[in-house]
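Dear colleague,

Please find below the structure that I am handing over to you. My account of what was found in it follows directly after.

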Amino acid sequence: MDEDIWSRLAEYYERIKDTPLVERFARDPERFQNFSITLDDMLLDFSKTSLDETACSLLLELACATDLENKRDAMFNGEPVNRTENRAALHTALRNRSNEPVFVENKDVMPEVNATLASMAAFAEGVRSGITSAHDGAAFTDVVNIGIGGSDLGPAMATPALAPYHDGPRLHFVSNADGAEISDLLKQLDPGRTLFIISSKSFTTIETMTNAATAKKWMTAGIGEKATEHFAAVSTALDKTTEFGIAPDMVFSFGDWVGGRYSVWGPIGLSLMIAIGQERFAEFLQGGHDMDQHFRSAPLHKNIPVMLGLVGIWHNNICGYESRAVLPYDQRLARLPAYLQQLDMESNGKSVTLTGDVITRKSGPVVWGEAGTNGQHAFYQLIHQGSQIIPCEFLVAAQSHEENLPQHHRLLLANCLAQSEALMRGRNRDEATERLRAQGAAQEDLDLAIHQVFPGNRPSTTLIYRKLTPRTLGRIIALYEHRVFVEGAIWGVNSFDQWGVELGKELAATLLPLIGKNAGYEDKDGSTQGLLQTISQLRGD
Ligand SMILES: O=P(O)(O)OC[C@H]1O[C@H](O)[C@H](O)[C@@H](O)[C@@H]1O
């Protein structure tokens, strides 16, 4: 049945694709109201896309035909929706502020969630106040989260996002296997005042374990045998954290029903909680919960994650746009594109459905982006005049935290709106020629107009929120999580596994002993052999 809807969508798009966006606004004075959704002080505007009422109805029909609502309820109800790993995906339980029971295999997980949150809060507030102190009783001045992927990107994105609320110790993040990162950081730190949080769900991830071992060595050199007192861990592998030497009361655990890239809401958010305090962290959770309730209860056509997901499906599968740019006009969200790359591309970068069938259409698009206005002076050239169309997703706050710098925020807002307007309306050759004439260009220079044509009719969405508070950030992240879920549900993929990261890891393990060797890799392909030899020569091994 859904094949029929896909075909109807494709046919319908052929009929309407040449209607300019500006014409749609001219025809429908209510277009903004009809193609935007509000949740309290947040608004998603998707009126600057080619979606119209018929396209929306067809997409909603598709959502129903692919059983979106039942799939959503199954996730919230703790069913093992991550079927390839036979697990629930219950990040929503971590922010379930209603406290209604949530069952995994007949056991309510909420008491455990609340107990963990309470122990995180006790630890975080202890570190912030100095009660949980360094080996000599002094307060920690610096906290370093060592983790990668989902054990890094959440707090690494959210901490700068909430900088105005950051009143705890300084926070640092180390993720890369490249020793440059930890080395450059350690040079700035005092081991006697530094706390490490080793964040790894599995506690086996090679990058994290290598950085953790380096940190432990550095700490031991600095403070001696009490080094492990300066280590906490966030993990589901308690045997491994003990083996590393971390005291059980410094370890924070979570269920295997929390996926790495969905884990900022629980103990992986410990570093964020230390930065902003438990109350602000609770507001962040409340924001996530607000979006969960909206996602569960709002009718599909008034449901922000659902409609953002359907806009994504429309652009990717129907219009054929293969990437999307996330453009926060909010410097503090500069890490949001990186965060969303993992959330989106690790979740939906799949080629096989849950039932093991090869997907016949495009699944997860390429997600990329940069904070505005910086992007304008870099890659917007291609967005405006390049040969491919990139749907742009703008985010912007109506109010800034910098009340003493109102001129900056007005400028930021004007730029954000100008970009979506320019993408939509473009500039034709006549207009470009007129503009040159008005600037006093000589007749022979009017040919330049061709270079100053903007095709226009390029789609964008804008998410506006009052101010980037903890609660708003929670809503934004949960919105994107559910958007990814909506798209994954329609494609029929498992948005909660990530088998695609494994092969590279396995091969790295086979290559590690070969680095610096001149032989022993005859079974490798010619390129890999050649590269190994070159590395050996260049290193002088
Ligand atoms: O938390 P960890 O077990 O250390 O995993 C860290 C990251 O590495 C894996 O390879 C996955 O790609 C990510 O989904 C995960 O977040």
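I begin in one of the sheets, where strand β10 (residues 323-329) and β12 pair in the parallel sense over five bridges. Within this pairing, A325 has C392 of β12 as its bridge partner. Please bear in mind throughout that the model is predicted.

On β12 there is also a pairing with strand β13 (residues 460-465): the two run parallel and are joined by six bridges. Here A397 has Y465 in β13 as its bridge partner.

How many residues of strand β12 (residues 392-397) are buried? Six of the six are, so the strand is largely enclosed by the rest of the structure. In a regular strand, side chains point alternately to the two faces of the sheet. In β12 both faces are covered, with C392, F394 and V396 buried on one side and E393, L395 and A397 buried on the other.

These strands belong to an open sheet of six, whose order is β1-β2-β13-β12-β10-β11 and whose pairing is mixed. At the edges stand β1 (36-39) and β11 (366-369); each has a single partner strand, so one side of each is left without a neighbour in the sheet. On average, neighbouring strands of this sheet are turned by 15° against each other, direction ignored. The partner of β1 is strand β2 (residues 42-45), and the two pair in the antiparallel sense over four bridges. In that pairing, T38 stands opposite L43 in β2.

A further open sheet has five strands in the order β6-β5-β7-β8-β9, with parallel pairing. Its edge strands are β6 (170-174) and β9 (251-252), each of which pairs on one side only. Within this sheet, strand β7 (residues 194-199) and strand β8 (residues 231-234) pair in the parallel sense over four bridges. One position in that pairing is S199, which stands opposite V234 in β8.

Next, the ligand. Which residues are closest to the ligand? Of the 14 residues that surround it, the closest are G149, G150, S200, T205 and G260. By character, the residues of the shell around the ligand divide into two nonpolar, nine polar and three charged.

As regards the protein as a whole, it contains 21 helices and 13 strands. With 541 residues, a compact globule would have a radius of gyration near 24 Å, and the value of 25 Å for the protein agrees with this. Along the principal axes, the C-alpha atoms fill a box of roughly 80 × 60 × 60 Å. Of the 541 residues, 43% count as buried. Among contacts with a separation of 6 or more, 75% are between residues 24 or more positions apart.

Finally, one residue towards which I would direct your attention is S527, placed in helix α21 (residues 526-539). Is S527 buried or exposed? It is exposed, because 8 other C-beta atoms lie within 10 Å of S527, and a residue counts as exposed at 12 or fewer. S527 and M307 are 220 residues apart in sequence, and their C-alpha atoms are 46 Å apart in space.

Yours sincerely

Conventions: Residues are numbered from 1 along each chain as its sequence is written. This is a predicted model: local features need pLDDT of at least 70, side-chain atom pairs count only at pLDDT 80 or more; totals for chains, interfaces and linings use all residues. A residue is near a molecule or strand if its C-beta atom, placed from the backbone, lies within 6 Å of it. Ala, Val, Leu, Ile, Met, Phe, Trp, Tyr, Cys and Pro count as nonpolar, Asp, Glu, Lys and Arg as charged, and the others, Gly among them, as polar. Two strands pair if DSSP finds at least two bridges between them. Axes are lines fitted to C-alpha atoms, for helices over the stretch in contact, and angles run from 0 to 180 degrees between N-to-C directions. The radius of gyration is taken over C-alpha atoms; the globule rule is 2.2 Å times the number of residues to the power 0.38. A residue is buried if 20 or more other C-beta atoms lie within 10 Å of its own, exposed if 12 or fewer, and partly exposed in between; C-beta atoms are placed from the backbone. Two residues are in contact if their C-beta atoms, placed from the backbone, lie within 7 Å.
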